[in-house]
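Q: I would like to learn how to read strand pairing, helices and cores from a set of coordinates. Please take one feature at a time.

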Amino acid sequence: MQTNETTKALYDNAIQYLYSTAPMFQQKGKSAYKEGLETTLALDELFHHPHTSYSTVHVAGTNGKGSVSSLLAATLTAAGYKVGLYTSPHLVDFRERIRVNGEMIPMEEVIDFVDKNKTLIEDLCPSFFEITTAMAFQYFQKQEVDWAIIEVGLGGRLDCTNIIMPELSVITNISLDHTDLLGDTLDKIAAEKAGIIKIATPVVIGETQEEIASVFTTRARKMQAPIVFADQTEVTFKPECELTGYYQTKNIQTACVAIDKLRAMGVKISNEAQAEGFAHVCKLSGLQGRWQTIGHSPLTVCDTGHNEGGYAYLTEQIKAQKYDTLRIVFGMVSDKKRDHLLKMLPKNAVYYFTQANIPRALPAEDLKREAEAEGLKGECYHSVKEAFEAAKRDATANDFIFVGGSNFIVAEIL
């Protein structure tokens with residue numbers, strides 16, 4: 001039998017092989033993005049369409065799709081179903097992306113998948129996300145899950161998760177993000193996300209955004225898909241939720257409406273199961289990094305929000321905290337639009353500008369220069385650890401430390 005050390009070494013090698021063979025979008029950005037579904041469909045054919053052996057819910061959107069996916073997975077788990085959850089990106093360990101009833105895919109399964117499929121990977125040259133999706137779908141089949149909650153990676157129409165035929169589609173909201181790939185207007189981005197709406201499949205839209213609502217209603221009409229907007233829909237039950245970020249109010253409403261839709265289809269979900277799922281969503285789904293408290297005295301919170309839509313809520317919640325001094329450890333990636341987001345950040349904070357240890361990271365000096373132009377003051381730190389240690393060292397017990405700007409900043413803290 002393999003020792004833990006041997007398994008870990010083999011696992012590290014397998015992950016390194018995936019990273020080197022198929023560059024990860026999160027690390028490389030646009031150069032790692034592969035448009036079109038040809039390779040995905042070829043992989044799916046070779047693996048005999050594993051996603052057809054269980055029921056699925058497909059979740060897209062700019063912000064909130066990870067939280068909504070986790071709320072749905074946690075509730076179905078609490079209701080007694082065996083539930084797969086596929087999300088991205090991971091924060092600390094690759095295996096966070098693929099879970100069954102909250103438990104990460106075992107290292108051995110990742111090792112086995114890579115070993116068995118090296119030739120196929122080298123022949124087809126799939127993207128990192130295409131390989132990961134195939135691994136997830138196959139693992140869920142092997143685990144004989146009843147349900148899988150599948151979060152879209154990027155966009156929707158051409159995302160490799162879009163080969164599934166779900167029982168329900170959910171689109172949380174639309175904000176300007178990945179504009180270099182999905183389009184530079186809300187209309188264009190909405191059209192990409194609307195691509196997950198399938199023939200005769202009910203769809204829940206999280207927010208009514210007047211300027212783009214017709215994009216969804218037109219697509220739904222064309223696909224004969226029943227459509228509701230969650231913020232205009234009464235729910236049968238709205239339990240207390242463990243997720244306390246201001247922005248979670250809309251995600252909770254969206255998840256509640258989606259759960260009511262599942263109930264209407266005959267899926268057995270009691271109010272007690274929903275209450276349990278919402279109260280313990282992090283434990284039942286593995287969700288991390290959403291207004292997560294990581295320290296006390298001073299109170300320290302991290303959040304993975306990284307675009308204007310997210311910061312519309314985050315800045316309000318940050319400002320609402322009680323503190324002597326507000327300290328913000330902050331870094332961004334280089335391929336995101338930053339000007340509007342930087343304008344939104346509190347000017348009364350001490351900033352610790354930093355950069356994650358990835359090629360896409362915006363150099364701390366560049367971030368500081370752009371931030372200073374918006375009236376934000378602080379110093380540069382060349383590692384997240386260094387910036388975080390400086391913030392903690394400078395802080396008194398009554399200060400408030402916020403860590404954010406990108407998934408990668410939060411990942412290095414966690």
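A: Start with one pair in a sheet: V301 stands opposite F402 in β14. Keep in mind throughout that this is a predicted model.

Q: Which strand pairs with β14 there, and in what sense?
A: In general, strands of a sheet pair through backbone hydrogen bonds, either parallel or antiparallel. Here β10 and β14 (residues 400-404) pair in the parallel sense, over four bridges.

Q: How does β9 run against β10, parallel or antiparallel?
A: β9 (residues 292-295) and β10 (residues 299-302) are antiparallel, joined by three bridges. T293 stands opposite V301 in β10, and V301 in turn stands opposite F402 in β14. The hairpin of β9 and β10 has three residues between the strands, and S297 takes a positive phi near 50 degrees in it.

Q: What is the strand order of the whole sheet?
A: The order is β9-β10-β14-β11-β12-β13, an open sheet of six strands with mixed pairing. β9 and β13 (377-380) are at the edges with a single partner strand each, so one side of each has no neighbour in the sheet. On average, neighbouring strands are turned by 25 degrees against each other, direction ignored.

Q: How many bridges join β11 to β14?
A: Five bridges join β11 (residues 326-330) to β14, and the two strands run parallel. One pair to check is R327, whose bridge partner in β14 is I401.

Q: Which helices should I place against this sheet?
A: Helix α13 (residues 308-319) lies across β11 and β14, at about 165 degrees to β14. Helix α16 (residues 384-394) packs on the sheet as well, touching β9, β10, β11, β12 (349-353) and β14. The direction of α16 makes about 175 degrees with that of β11.

Q: Are the residues of β6 buried or exposed?
A: The general idea is that in a regular strand the side chains alternate between the two faces of the sheet. In β6 (residues 168-171), L168 and V170 lie on one side, S169 and I171 on the other, and all are buried, so both faces are covered.

Q: Which strands pair with β6?
A: β1 (residues 55-60) runs parallel to β6, joined by four bridges. β7 (residues 203-205) also pairs with β6 in the parallel sense, over three bridges. I171 shows both pairings: A60 stands opposite I171, and the bridge partner of I171 in β7 is I205.

Q: Why do the ends of α4 lie 20 Å apart?
A: At 1.5 Å a residue, the 14 residues of α4 (residues 65-78) should span 20 Å, and the distance between the end C-alpha atoms agrees, at 20 Å. Helix α4 is mostly covered, with 13 of its 14 residues buried. Just after α4, G80 takes a positive phi of about 100 degrees.

Q: Which residues touch the most other members of the largest nonpolar core?
A: They are L18, F94, I98, M135 and F140, in a core of 37 residues. At least two residues of this core come from each of α1 (4-21), β3 (98-100), α5 (107-124), α6 (128-142) and β5 (147-151). α6 gives the largest share, nine residues.

Q: What does M135 contact beyond its neighbours within four places in sequence?
A: M135 is in contact with L18, F94, I98, I105, V110 and F113. There is also a second, separate core of 33 residues, including V68, L72, A255 and A273.

Terms used: Residues are numbered from 1 along each chain as its sequence is written. This is a predicted model: local features need pLDDT of at least 70, side-chain atom pairs count only at pLDDT 80 or more; totals for chains, interfaces and linings use all residues. Side-chain values use heavy atoms; hydrogens and water are left out. A nonpolar core is a set of buried Ala, Val, Leu, Ile, Met, Phe, Trp, Tyr and Cys residues joined through side-chain atoms within 4.5 Å. Buried means under 20% relative accessible area, exposed over 50%, partly exposed in between (1.4 Å probe, protein chains only). Contact means heavy atoms within 4.5 Å. Two strands pair if DSSP finds at least two bridges between them. The expected span of a helix is 1.5 Å times one less than its number of residues. Axes are lines fitted to C-alpha atoms, for helices over the stretch in contact, and angles run from 0 to 180 degrees between N-to-C directions.
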